[in-house]
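Let's take a friendly walk through this model, looking at how its parts are laid out and how two of its chains meet. Please have the sequence and the structure open as you read.

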Amino acid sequence: MDLANTSLRQLASALHERRISSRELTQAYLERIGRLDGQLGAFITVDPDKTLSQADAADARIARGEAGPLTGIPIAHKDIFCTEGWLTTCGSRMLSNFVSPYDAHVIEKFAAAGALILGKTNMDEFAMGSSNETSHFGPVKNPWNLAKVPGGSSGGSAAAVAARLAPAATATDTGGSIRQPAALCGVSGIKPTYGLVSRYGMIAYASSLDQGGVIAPSAEDLGLVLNTMVGFDTRDSTSIDRPAEDYTAALGQPLKGLRIGLPREYFSGGVSPDVARAIDAALEVYDRLGAERVEVSLPHSQLSVPVYYVLAPAEASSNLSRYDGVRYGHRAAQYGDLNDMYERTRAEGFGAEVKRRILTGTYVLSRGYYDAYYLQAQRVRRLIVNDFREAFARCDVIMGPASPTVAFGFGEKTSDPVQMYLSDIFTISVNLAGLPGLSIPAGFGASGLPVGLQLIGNYFSEGRLLQAAHGYQQATDWHRQVPDMARA
Amino acid sequence: MDWEVVIGLETHAQLATHSKIFSGASTAFGAAPNAQACAVDLALPGVLPVLNRAAVDCAIRFGLSTGATIASRSIFARKNYFYPDLPKGYQISQYEIPVVSGGAMVIEVEGRVRHVRLTRAHLEEDAGKSLHEDFHGLSGIDLNRAGTPLLEIVSEPDLRSAAEAVAYARALHRLVTWIGICDGNMQEGSFRCDANVSVRPRGQEELGTRCEIKNLNSFRFLEKAIEYEIRRQIELIEAGGAVVQETRLYDPDRDETRSMRSKEDAQDYRYFPDPDLLPLSIEAVWIDRVRAELPELPDAMQQRFTDDFGLSMYDAGVLTASRDMARYFLDLLPCAENDAKLCANWVSGELAAALHRESLEIQDSRVSPQQLGGLLKRIQDGTISGKMAKELFDALWQEGGEADALIEARGLKQISDVSSLERIVEALMAEHPAQVAEYRAGKEKVFGFFVGRAMKASGGRANPEQLNAVLKQRLKAE
Amino acid sequence: MALTDTDLRRLARLARLRLEESEISGLREQFAGILGLIDQLQAVDTRGIEPLSHALDLEARLREDVVTETDQRARFQSVAPQVEEGLYLVPKVIE
């Protein structure tokens, strides 16, 4: 089977019709990982024995006629999801020895559906980064050009899917960590409405912004995986109790009359010309499909980066206090008293970016600064949410670039954190507003690197977003392009 | 100089829920170390808190019982600090908007009734425990208690002496156990107080610098610690020194408070709303339901006992010391012809003494209200004397059974019929003519001699009143 | 607004992060950039705007008071750095 050119839906049919067994399919993916991942570094953990025994169980289930759409499909999981019996590192030295004693809600859902764990993907440490350069386990390379970053923080998931080392991968998105790497790696990625995917067992970075989602080649594949991944969970107080929805139901419906909001602010400089050209071309495709362009404004969107870099570090500084070397994870080998143990453990266990964000968060919450930074950021957050509310009164979906540039080179932005932070300028406001957003491949820019088109929808409009993305993918074949290395 | 003492208490009441405030782990006391610390309590990566409805119920009950305001919307916040018994590195508590605010407690000290205002009561989670017995120079951490629900009840600085502080703490203890939100077990740490103590020259408006004394887990220690602290502060100021605001620990062995290791940098808890928890909304119907389920409160019942039964405030206080005590009394009343005074005397006398001897709580009494009532009835109808009743009570306590059966079996039935008593008296008079003559000559002291002899002759069963009457009548007769 | 070395050391102490002297000047510089970014918020007029903690205006969902967890100490402590007799061991806690 040509895994480089087979969609998840096609794999599912092949399994259903017993044209291939889950064991054979899984072996094929494991073989690709073994052969290609040395160049990429997309995976932190692969455990063929465990995965194959899950494949055998799936085959038995298929033989019993009890298979669901994902039964027998191997799925890679971002190493932020706790998986019982598997190393779960969150890309950090702090958890480099942490074998999770429990499963995240998402992992339980995939297990119940009969999907297998193909491996755990690399990521920026504690999901803090936009280039996957902060991982304790080394950087992930972009499959389109090994000298370029894959984006982050879900760089491993995006690269694995781009190189077709996995048919789909889970990921998380706090400020763009699904959409930006999907864009930079030429694959599709969706971040659902905040609260649709349970955060239980998803290691927290910034609790009010974190949301699990999926990276896969196409919108249709995203919908298939999302159908299993979304679901109410009593263990997450912010989980939303809604009736189950089939995210593939609206796929194929025409896009005629779809009102596409184009925020003035996303098209007024700050975007590199090659990206702008590709986005323009994508919008012309939508014109041809009968969609209408509506100009909208998100006047506070420029402030989303500063708001984010107050709120996310504040929450993170507190969320990461549990890593103290007492109950699990790294503990310094040498220390004196209790405080020395804490300070050395945390200094050794966390990398530079994580420490910067912990210190930033500690600062904005500290006495005398809380009102000026934290509360002020929460107020501006409301202004940003209000902007979207007004925009969605006039359009069905907002479109623009997912990233201001194509993939950049290693080390290009590491010396200046603020430059790195600004690479999420188009994605962050979506998290602040809790809206669903997705990125789909929309051609190539400079040096043949992929460009991502971002689609932002109103709350709970995932089905419509996927329909809009699918319509585009029926009219184009960017999502079927694979990097040379993947054809090998 | 004349000093005025100013005290406010912060009381932590562990709430009597089955499971923890944010997890499904048990709150039962005494499990093996860390056997009741689940993934959420241990703060494993990725776990999340979900609020226990029963903990909120408890807070509402308390608020309604003290005339406080229940917030329709309150917020959980994180209080950030590092400590090994605090697994997340923050405690989930309430900061800016607590669930309960205002309210008051009424206390009485040396006959003076005082209203003590409450500032607030908020929900929070307890921490684990650090065990200091030696593990090769290390400390052991047990997180079973981590996540146990607490209601922190904060009083205004309205208390003016150690005695008032103790009276307030006792009243609070009675209330939280009465309304069933806390088991009140102070040895197990279910009810513990921190005291904020300061002194100021009488007449001065401005408060003095206060010290907080932590973890006072008995009323006696509370009293002694405050008394020590008052002395310390006054002596310090009078010697020209100044009180430093700090946290102090009471050492019961040396009966003194001492400064806790001063923190090297001032605490900065960096409170902020917990993003894992959404605002807690309490609608009026919820409050109404809790109100409907509230029992009659101890202060009200105490007043009712004095009004309806003519009991003293003190007796009524003893009978409403706990809800079980009051329940016992109320169950006893109909079994004893509703003689409240007699019932009160017996409950606070013989019964209380017996319970105390065996360190039993009233609900574990070996004599039930029905049994005791059976006994009291026989006092009322003259079948037995008060003295016999005390012996019978002991027998009921030791052997169980019914008063009537015991009276029968032991032949303790009082001799009240006049003819039997007359027979005894006549025989005595025939035996002791000299004493009869003495009595009749006006030596009334001899009367006691006849009473004693008659009692002895009746085996102690003669009804004393009847006997007196018969004796008087016979001895007088020529 | 700029952070001094003393500020940075204080923050690191609060966050229990050991800072080497050699790290401080680099951090100070990076913080100048980060503060430059977030200080943009100071210019925004937010009078009358309520702070927003969650994008979706939801209320807490409560659990019933039921014990659902069983003793899994052995499993949880299998990943602990140092345990003895069921207790997590740490350097002496001084009160």
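## Domains of chain B

How far apart do the C-alpha centres of domain 2 of chain B and domain 3 of chain B lie? The model here is a predicted one, and in it those two centres are 34 Å apart.

To place them along the chain, domain 2 of chain B covers 296–409 and domain 3 covers 418–476. Chain B also has a domain 1, spanning 3–287.

## Where chain A meets chain C

Now let's turn to the interface of chain A and chain C. Chain A brings 71 residues to the contact, and chain C brings 49 residues. Together the two chains bury about 5,200 Å², with 67% of that area on carbon and sulfur atoms.

## Polar links across the interface

Between chain A and chain C there are 3 salt bridges. One of them joins the side chains of A:D340 and C:R18, at 4.0 Å from N to O. In addition, 23 residue pairs are in polar contact across the interface of chain A and chain C, both residues being at pLDDT 80 or more.

## The chain A side

Which helices of chain A each supply at least two residues of the side that touches chain C? They are α9 (304–319), α10 (338–349), α11 (352–365), α12 (370–392), α13 (417–422) and α14 (428–433). The largest share comes from α12(A), with 12 residues.

Sorted by class, this side of chain A holds 40 nonpolar residues, along with 16 polar and 15 charged ones.

Definitions and conventions
Residues numbered from 1 in each chain as written. Chains lettered and ligands numbered in written order. Predicted model: local features only at pLDDT ≥ 70, side-chain atom pairs only at ≥ 80, totals over all residues. Heavy atoms only, no water. Contact = heavy atoms within 4.5 Å. Buried area = accessible area lost by both parts, 1.4 Å probe. Polar contact = N/O pair within 3.5 Å; in protein donor to acceptor, adjacent residues only side chain to side chain. Helix = DSSP H or I, 4+ residues; strand = E, 2+ residues; numbered from the N terminus. Nonpolar A, V, L, I, M, F, W, Y, C, P; charged D, E, K, R; others polar. Domains from an automatic or database assignment.
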